[in-house]
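Please read the following report with the sequence and the model side by side. It moves from ring pairs to charged pairs and then to one helix.

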Amino acid sequence: MAEIGKDIIRAKDLLEAGEVIGLPTETVYGLAANALDPEAVAKIFEIKNRPTFDPLIIHTDSIEKVKDWVESIPLDLELMFKKFSPGPITLLLPRKPVIPDLVTSGLPRVAVRIPRHPIALDLLSQLEFPLAAPSANPFGYISPTSALHVNQQLGDRISYILDGGSCEVGLESTIVGFEDNQLTVYRKGGVAIEKIEEYFGPVEVKEHSSSNPSAPGMLKSHYAPNKEVKFLDDSGKGLRKKIGLLRFSEVDTGLSEENQFILSNTKNLNEAAQRLFEGLRYLDGLDIETIYLELVPDIGIGRAINDRLRRAAAQG
């Protein structure tokens, strides 16, 4: 298994040598490598068993560095960077040739973000290259929100995981760009659409794409447990015994509490987001046949939570 530690110098040395590490961010843990090194990036796809048509996000620590790797930043997107970064926002920008085709799946734009995590920012500030860092999980499975999750899933394929504790946000970043001169959200995430619209006006929202996605994280089936996953109807009646429930705020008195995971007893959507992947992982580890999901209120970050729940239940 991989070593888990807080040695930023060791992480830097491994990355500069073309290796892949586990990286903490405020959203989820990433599987990180030098984004300018195609051989290093190829290792990410191999380790995750990720299809190469699904592009990656690159991470850095400042807008000034971003400008080294993109042709331009439209004014609204630069203002968005300044408003929400560091943080769970990713921008699609026209890439410079220095960004390998493998990172963008041959597309003309690259997804860029500045994570809001002190350890990640410290590491990134010491690197002369950005990091490609998709979630550190086998492709399509539940995203990791702790170093232990990374080790359980990929610890036999990497040598080092930089430990940054539990993720503060727990959901991947919101991805934003322009399409036909319209501000467009390509993936719901840690910055609520309502918050973006408050400052930048109405946005178009792209739903998932089953193939050839135009941005990272758009595939229809994703974040899925290994168990059968279904949605809970309003009555909750007639369910088989070997089931687990993922619920927003209330325990179902008709089922053992051990077979339930409550996202937030206080109906706090931010807490629910932070605990979502932990809950899916917990239920997936039980001796059950089916996981039933309950949607949360479809407002604010709840829209991103429901997006992940629907994709966890999708059948490819």
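How many aromatic pairs does the structure hold? In this predicted model, the structure holds 3 aromatic pairs. A pair of aromatic rings is described by the distance of the centres and the angle of the planes.

The rings of Phe84 and Tyr199 have centres 6.2 Å apart and planes at 80°, and because an angle over 60 degrees counts as edge-to-face, this pair is given that name. Phe84 belongs to helix H4 (residues 75-84) and Tyr199 to helix H8, so the pair ties together parts that are 115 residues apart in sequence. With a relative accessibility of 11%, Phe84 counts as buried, whereas Tyr199, at a relative accessible area of 39%, is partly exposed. The rings of Phe261 and Tyr282 have their centres 6.1 Å apart and their planes at 45°, so this pair is tilted. It links distant parts of the chain, with Phe261 in strand S14 and Tyr282 in helix H9, 21 residues apart. Phe261 is buried, with a relative accessible area of 7%, while Tyr282 is partly exposed, with a relative accessible area of 34%. Ring pairs also link Phe84, Tyr199 and Phe200 into a cluster.

**Charged pairs**

Side chains of opposite charge can pair when their charged atoms come close. The structure holds 21 salt bridges, and the table gives some of them, with the distance between the closest N and O atoms.

| Acidic residue | Basic residue | Closest N and O atoms |
|---|---|---|
| Asp54 | Arg50 | 3.2 Å |
| Glu172 | Arg308 | 3.1 Å |
| Glu194 | Arg303 | 3.8 Å |

Where do the partners Arg308 and Glu172 lie? Arg308 is in helix H10, and Glu172 is in the loop between strand S8 (160-162) and strand S9 (174-179), so this salt bridge ties together parts that are 136 residues apart in sequence. Both Arg308 and Glu172 are buried, and both Asp54 and Arg50 are buried as well.

The salt bridge of Glu194 with Arg303, whose closest N and O atoms are 3.8 Å apart, joins helix H8 (residues 193-200) to helix H10, so it ties together parts that are 109 residues apart in sequence. Glu194 is partly exposed, with a relative accessible area of 31%, and Arg303 is partly exposed too, with a relative accessible area of 22%. Salt bridges that share partners join Glu172, Asp307, Arg308 and Arg311 into one network.

**Helix H9**

Helix H9, which contributes Tyr282 to the tilted ring pair, can be checked for its length. At 1.5 Å a residue, its 16 residues (269-284) should span 22 Å, and this agrees with its end C-alpha atoms, which are 22 Å apart. The helix nevertheless has a kink of about 45°, centred on Arg275. At the start of H9, a side-chain oxygen of Asn268 reaches to within 2.9 Å of the backbone nitrogen of Asn270.

Which residues of H9 are buried? They are Leu269, Ala272, Ala273, Leu276, Phe277, Gly279, Leu280, Arg281, Leu283 and Asp284. An α-helix has 3.6 residues a turn, so residues three or four places apart point the same way. The buried residues of H9 pack against several elements, namely helix H7 (147-154), strand S13 (243-247), strand S14 (260-262), strand S15 (290-293) and helix H10 (302-313). Among these partners, strand S14 holds Phe261, and helix H10 holds Arg308.

How values were computed:
Residues are numbered from 1 along each chain as its sequence is written. This is a predicted model: local features need pLDDT of at least 70, side-chain atom pairs count only at pLDDT 80 or more; totals for chains, interfaces and linings use all residues. Side-chain values use heavy atoms; hydrogens and water are left out. Helices (H or I, at least four residues) and strands (E, at least two) are DSSP runs, numbered from the N terminus. The expected span of a helix is 1.5 Å times one less than its number of residues. The bend at a residue is the angle between axes fitted to the seven residues ending there and the seven starting there. Buried means under 20% relative accessible area, exposed over 50%, partly exposed in between (1.4 Å probe, protein chains only). Contact means heavy atoms within 4.5 Å. A polar contact is a pair of N or O atoms within 3.5 Å; within protein, one must be able to donate a hydrogen and the other to accept it, and residues adjacent in sequence count only if both atoms are side-chain atoms. A salt bridge is a side-chain nitrogen of Lys or Arg within 4 Å of a carboxyl oxygen of Asp or Glu. Rings of Phe, Tyr and Trp (its six-membered ring) pair if their centres lie within 6.5 Å; planes under 30 degrees apart count as stacked, over 60 as edge-to-face and the rest as tilted.
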